[in-house]
Amino acid sequence: MAFRNDDDKKAYWKENLSLLAKLLFVWFVVSFGAGIIFVDALDTIHFFGFKLGFWFAQQGSIYVFVALIFVYMSKMKAMDKRYGVNEE
Amino acid sequence: MDVQLLTFIIVGATFALYIAIAIWARAGSTNDFYVAGGGVPPVLNGMATAADWMSAASFISMAGLISFMGYDGAVYLMGWTGGYVLLALCLAPYLRKFGKFTVPDFIGDRYYSQTARTVAVFCAIFVCFTYVAGQMRGVGVVFSRFLEVDIVTGVVIGMVIVFFYTVLGGMKGITYTQVAQFCVMIFAYIVPAVFISIMVTGHILPQTGFGATLADGSGMHLLQKLDNLSVELGFHEYTSGSKSTIDMFFITFALMVGTAGLPHVIVRFFTVPKVHDARKSAGYALAFIAILYTTAPSLAAFARVNMIETINGPELTGTSYAEAPSWIKNWEQTGLIEFTDKNGDGVMFYSGDERNEMKVDRDIMVLANPEIANLPAWVIALVAAGGVAAALSTSAGLLLVISTSVSHDLLKRNFMPNITDKSELFFARLAAGVAIVIAGYFGINPPGFVAQVVAFAFGLAASSFFPAIIMGIFSKRMNDKGAISGMIAGIAFTAAYIIYFKFINPAANVPENWWFGISPEGIGTLGMMVNFLVAFLVFKSTDEAPEEIQELVESIRYPKGAGEASAH
């Protein structure tokens with residue numbers, strides 16, 4: 001077995017799930033939240049010539065998506081190392 | 001030099017490049033053919049995934065769609081990019097660790113069931129054929145407009161090229177050709193967008209030009225102008241939506257989940273050496289895709305203003321048909337622009353109400369954009385090469401999934417388990433060849449419902465594969481019966497809803513008749529929920545998955561020990 005003990009295995013998975021939950025929360029807020037549900041409210045704010053809700057729907061959410069994946073990648077890399085389950 | 005000669009030269013040069021790469025990267029084993037030997041570096045895999053994903057629809061149609069839809073076009077922008085977050089966080093690393101060749105492989109092994117495998121194979125083949133017919137059509141449209149050959153010849157040329165490098169190189173050939181195609185396609189998309197952005201707003205980056213003030217000295221913002229024009233001409237305001245909030249939500253969600261469940265995208269993550277690389281290449285893929293996807297809405301807005309001003313004139317009184325610019329005449333020949341002089345004054349007028357005299361097809365916006373903006377001939381030729389690259393790269397990826405499903409999942413795993421590697425490779429090549437011919441046939445004789453079935457493909461992937469894979473990874477105890485009944489219930493529900501509104505009773509396809517106001521495009525989201533719910537209920541009343549399967553699931557949850565993707 002790759003983990004040092006069973007507790008480590010459980011802790012690793014739990015930590016992974018909590019990271020997923022945080023990142024997917026951001027994913028949801030920028031796209032479904034800012035781009036769709038609250039779009040009308042945000043559209044009253046102007047942002048570099050855009051209505052803010054419109055900007056999130058057609059530009060901003062995509063930039064955040066890219067950032068989320070890179071954050072996940074680097075956090076997981078550190079976590080794999082900490083638990084000794086990284087690839088050689 | 002005239003446009004046509006330049007187009008021949010540029011498109012010809014890109015074809016020569018693809019063929020050279022195919023010869024250099026030909027496949028020697030099934031491992032090469034299915035997953036490129038599992039040795040593709042993450043950055044290159046990211047580019048290949050981006051090219052695989054961005055189809056003729058992304059390249060040719062999307063900006064045009066947004067141009068006509070305004071804010072509502074965001075469903076495609078967010079839907080087709082947000083799925084990558086799900087893919088990178090919830091699917092790709094675990095499937096890479098699992099280390100098999102195909103999606104049906106995962107479903108079949110995880111749910112220890114040939115039935116599950118077979119259901120998955122047929123879903124995969126259906127989704128891929130739906131898509132590939134549209135791609136071949138895209139090649140045909142580009143060829144017929146820019147090279148002035150007829151659509152049949154265009155499709156045949158496209159088929160021959162794809163046949164050559166798919167059959168010869170398999171995944172390995174496809175991957176490296178897709179890297180080249182990505183470069184061609186992104187360059188072809190960005191160049192005209194930058195030119196137009198500078199002309200309209202003085203900004204080099206289309207992404208900032210989108211929100212900038214116009215360069216004509218009026219001090220008005222581009223989007224403000226577009227809103228004013230839209231309202232004046234009887235369209236809805238460009239930056240506000242016409243779809244209901246719930247429908248926007250469901251369509252976006254279905255496209256995201258569908259993206260994450262599409263077999264030709266998932267299979268790309270089997271080609272990298274390590275689990276960490278799978279996460280990384282999903283990140284690169286989305287970054288590369290984002291270049292095109294953040295440019296598209298800008299291009300859409302510029303194109304809209306340019307088109308309205310060219311047809312209606314700066315005073316919005318219309319312009320004389322006799323002096324119409326050459327792009328209008330060029331596209332009239334393809335039937336994608338029509339002018340009906342209703343009031344008989346010889347003047348063209350475009351609007352969203354009864355004054356309208358123009359019919360402009362949305363699909364021409366990207367291709368006609370350089371002509372509308374009077375860009376140099378080489379830019380027009382470049383756009384043609386980009387459109388062909390987009391269509392070819394996606395077709396090749398889809399055809400590979402079809403051929404793998406037949407030779408690996410059906411023949412090797414079902415009917416001929418003792419087949420040698422060499423004859424399996426032969427069958428894979430044969431299946432790819434047959435699939436190309438069928439796809440070409442649909443490209444030349446498109447069934448009238450190609451556009452409708454696209455919604456179907458996404459809904460199907462969203463309501464079948466995605467929940468089955470997610471439960472396979474995140475629930476150790478989910479069993480075969482739960483997963484199979486979930487998949488069948490999800491697909492059946494989604495298919496029934498779409499078939500009813502699209503084919504049986506299209507007249508009823510209005511918001512008043514939709515369940516909860518959800519259009520057929522967005523119903524995959526509800527289908528996904530049905531899948532989860534049915535799987536859970538069946539699982540609760542049957543035995544949980546056996547011990548060895550639970551151990552298998554635990555072992556895919558951490559990276560250590562990921563070997564090459566293999567058949568054993």
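At 42% relative accessibility, Leu430(B) counts as partly exposed in this predicted model. Leu430(B) lies in helix α17 of chain B, which spans residues 421-444, and contributes to a nonpolar surface patch. The points below cover that patch, the cavities, one pocket and the salt bridges.

**Nonpolar surface patch**

- Phe426(B), Leu430(B), Val434(B) and Ile438(B) together make a nonpolar patch of about 350 Å² on the surface.
- In general, an α-helix has 3.6 residues a turn, so residues three or four places apart point the same way.

**Largest cavity**

- Three cavities of 30 Å³ or more are found in the structure, and the largest encloses about 90 Å³ of space.
- The residues lining the largest cavity include Tyr34(B), Phe101(B), Ala124(B), Pro263(B) and Val267(B).
- Helices α6 (103-110) and α16 (377-415) of chain B each provide at least two residues of this lining.
- The greatest contribution is that of α16(B), with four residues.
- The lining of the largest cavity comprises nine nonpolar and three polar residues, with no charged residues.

**Second largest cavity and helix α15(B)**

- The second largest cavity holds about 50 Å³ of space.
- Its lining consists of Phe59(B), Ala188(B), Tyr189(B), Pro192(B), Leu299(B), Val366(B), Asn369(B), Pro370(B) and Val383(B).
- By class, eight of these residues are nonpolar and one is polar, while none is charged.
- At least two lining residues come from each of α8 (151-201) and α15 (365-372) of chain B.
- Phe59(B), in helix α4 (residues 56-69) of chain B, counts as buried because its relative accessibility is 1%.
- Phe59(B) and Leu299(B) are 240 residues apart in sequence, and their C-alpha atoms are 12 Å apart in space.
- Eight of the eight residues of α15(B) are buried, so this helix is largely enclosed by the rest of the structure.
- Among the buried residues of α15(B) are Met365(B), Leu367(B), Glu371(B) and Ile372(B).
- Just after α15(B), Asn374(B) adopts a positive phi of about 60°.

**Second largest pocket**

- The second largest pocket has a volume of about 200 Å³.
- Chain A residues in its lining are Phe3(A), Asp6(A), Lys9(A), Lys10(A), Tyr12(A) and Trp13(A), and those of chain B are Lys476(B), Glu554(B), Arg557(B) and Tyr558(B).
- Helix α1 of chain A (residues 6-37) supplies the largest share of this lining, five residues.
- The lining of this pocket has six charged and four nonpolar residues, and no polar ones.

**Salt bridges**

- The structure holds 15 salt bridges over all chains.
- Lys9(A) and Glu554(B), which both line the second largest pocket, form a salt bridge whose closest N and O atoms are 2.5 Å apart.
- Lys9(A) lies in helix α1 of chain A and Glu554(B) in helix α22 (residues 547-555) of chain B, so this pair joins two chains.
- Lys9(A) is buried, at 18% relative accessibility, and is linked with Lys476(B) and Glu554(B) in a network of salt bridges.
- A salt bridge is also formed by the side chains of Lys51(A) and Asp227(B), at 3.9 Å from N to O.
- This pair crosses between chains, from strand β2 (residues 50-51) of chain A to helix α10 (residues 222-232) of chain B.
- Both partners are buried: Lys51(A) has a relative accessible area of 18%, and Asp227(B) has a relative accessibility of 4%.
- Lys481(B) and Asp480(B) form a further salt bridge, with the closest N and O atoms 4.0 Å apart.
- Lys481(B) is partly exposed, at 48% relative accessible area, whereas Asp480(B) is buried, at 16%.

Note on methods
Residues are numbered from 1 along each chain as its sequence is written. Chains are lettered from A and ligands numbered from 1 in the order in which they are written. This is a predicted model: local features need pLDDT of at least 70, side-chain atom pairs count only at pLDDT 80 or more; totals for chains, interfaces and linings use all residues. Side-chain values use heavy atoms; hydrogens and water are left out. Patches are made of residues with over 30% relative accessible area and no salt bridge: like charges are joined within 9 Å, nonpolar side chains (Val, Leu, Ile, Met, Phe, Trp, Tyr) within 5 Å. Accessible areas come from the Shrake-Rupley method with a 1.4 Å probe; for residues, only the protein chains shown count as cover. Buried means under 20% relative accessible area, exposed over 50%, partly exposed in between (1.4 Å probe, protein chains only). On a 1 Å grid over the protein atoms alone, a cavity is a set of points where a 1.4 Å probe fits but cannot get out, and a pocket is an open set with protein on both sides within 12 Å along at least five of seven lines; lining residues have an atom within 4 Å of a point. Grid points are joined across faces, edges and corners, and a volume is the space filled by probe spheres set on the points. Ala, Val, Leu, Ile, Met, Phe, Trp, Tyr, Cys and Pro count as nonpolar, Asp, Glu, Lys and Arg as charged, and the others, Gly among them, as polar.
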